[in-house]
Amino acid sequence: MHLNPYLFFNGNCEEALKFYEQTLGAKIEAVMKYGGSPSEKDVPPDWKDKLIHSRFSIGDTTLMASDAPPEHFQRPAGFSVSISVDDAAKGEKIFNALAENGTMIMPYQATFWAKGFGMCFDRFGIPWMVNSE
C-alpha cells in the first residue's frame, strides 16, 4: 500500500510544478492536460492547457496534483505537506523559498524538538511544514 498526497490547484498547477522543480528539486514524471481528455467538455474552453493529472517526486516521495475545475476548487485545509531535512540551513533556505509571496504561519526557527521548523502557505495556497531535527 502507498499513500500519496494529491494536491489541487486553482488553475496554476503547471506553474507550481515548475516552481517545485526549481525550489525542491522535484522530478516531474507525468503531465496530462484537460485538452484531448474525456473531461475536456466539463471545463471552460480556456482550460484545455490546464492539468487534469500530474505526478511528481520530491526525494523518495511521490505526490500527485491537478487543476480543480473552477466550481470545484477549495483552498487546502486540515493538512500540510511536511519536509524533513538534516541540515537546518538547508531547511531555512527551502522554507524561505516556499514562504516567498505566500502566507507565513510560523516563521522558521529553533524549537524544543528541532534545529529549525516553520509553517507557511506557498504562493499557490499549499500548506507546508519544514522541519530540521
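Is Glu14 buried, exposed or partly exposed? In this predicted model, the answer lies in between: Glu14 has a relative accessible area of 29%, and because buried means under 20% and exposed means over 50%, this residue counts as partly exposed. Glu14 belongs to helix α1. Setting aside residues up to four places away in sequence, Glu14 touches Lys33, Asp49 and Leu51. As for Gly102, that residue sits 88 residues from Glu14 in sequence, and the C-alpha atoms of the two are 17 Å apart in space.

Helix α1 leads straight to the sheet it packs on. The helix lies across β1, β2, β3 (51–58) and β4, and runs at about 10 degrees to β3. Those four strands make up an open sheet with mixed pairing, and the order across it is β1-β4-β3-β2. β1 (6–9) and β2 (27–33) are at the edges with a single partner strand each, so one side of each has no neighbour in the sheet. On average, neighbouring strands here are turned by 20 degrees against each other, direction ignored.

The pairings can be followed strand by strand. Strands of a sheet pair through backbone hydrogen bonds, in either a parallel or an antiparallel way. β1 and β4 run parallel and are joined by four bridges. Along this pair, Tyr6 stands opposite Met64 in β4, and Phe8 stands opposite Ser66, also in β4. β4 has β3 as a partner too, and these two strands pair in the antiparallel sense over five bridges. Here Met64 turns up again, this time as the bridge partner of Arg55. On to β2, which pairs with β3 in the antiparallel sense over six bridges, with Met32 and His53 as one set of bridge partners. In the hairpin of β3 and β4, two residues lie between the strands, and Gly59 takes a positive phi near 60 degrees.

How covered are these strands? In a regular strand the side chains alternate between the two faces of the sheet. β1 has a covered face, made up of Leu7 and Phe9, and an uncovered one with Tyr6 and Phe8. β3 is mostly covered, with six of its eight residues buried. Just past β1, in the loop between β1 and α1, comes Asn12. Leaving aside neighbours within four places in sequence, Asn12 is in contact with Asp67 and Phe124. Asn12 and Ile83 are 71 residues apart in sequence, and their C-alpha atoms are 22 Å apart in space.

There is another open sheet of four strands, in the order β5-β8-β7-β6, and its pairing is mixed as well. At its edges are β5 and β6 (103–109), each with a single partner strand, so one side of each is left without a neighbour in the sheet. The twist from one strand to the next averages 10 degrees. Helix α2 packs on this sheet and touches β5, β6, β7 and β8, with its direction at about 170 degrees to that of β6. Within the sheet, strand β7 (residues 116–121) pairs with β8 in the antiparallel sense over six bridges. One of the residues in this pairing is Phe117, whose bridge partner in β8 is Asn131.

Strand β8 (residues 127–132) also holds Ser132. This residue has 0% relative accessibility, so Ser132 counts as buried. Residues up to four places away in sequence aside, Ser132 touches Val85, Asp87, Ala88, Gly91, Tyr108, Ala114, Lys115 and Gly116.

One more feature to look at is the largest pocket, which has about 290 Å³ of space. Its lining has 16 residues, and the closest to the pocket centre are Ile58, Gly59, Ile83, Ser84 and Val85. At least two lining residues come from each of α1 (13–24), β4 (61–67), β5 (81–84) and α2 (88–99). β5 gives the most, with four residues. Sorted by class, the lining has nine nonpolar, five polar and two charged residues. Gly59, named above for its positive phi in the hairpin of β3 and β4, is thus met again among the residues closest to the centre of this pocket.

Conventions
Residues are numbered from 1 along each chain as its sequence is written. This is a predicted model: local features need pLDDT of at least 70, side-chain atom pairs count only at pLDDT 80 or more; totals for chains, interfaces and linings use all residues. Side-chain values use heavy atoms; hydrogens and water are left out. On a 1 Å grid over the protein atoms alone, a cavity is a set of points where a 1.4 Å probe fits but cannot get out, and a pocket is an open set with protein on both sides within 12 Å along at least five of seven lines; lining residues have an atom within 4 Å of a point. Grid points are joined across faces, edges and corners, and a volume is the space filled by probe spheres set on the points. Ala, Val, Leu, Ile, Met, Phe, Trp, Tyr, Cys and Pro count as nonpolar, Asp, Glu, Lys and Arg as charged, and the others, Gly among them, as polar. Two strands pair if DSSP finds at least two bridges between them. Axes are lines fitted to C-alpha atoms, for helices over the stretch in contact, and angles run from 0 to 180 degrees between N-to-C directions. Contact means heavy atoms within 4.5 Å. Buried means under 20% relative accessible area, exposed over 50%, partly exposed in between (1.4 Å probe, protein chains only).
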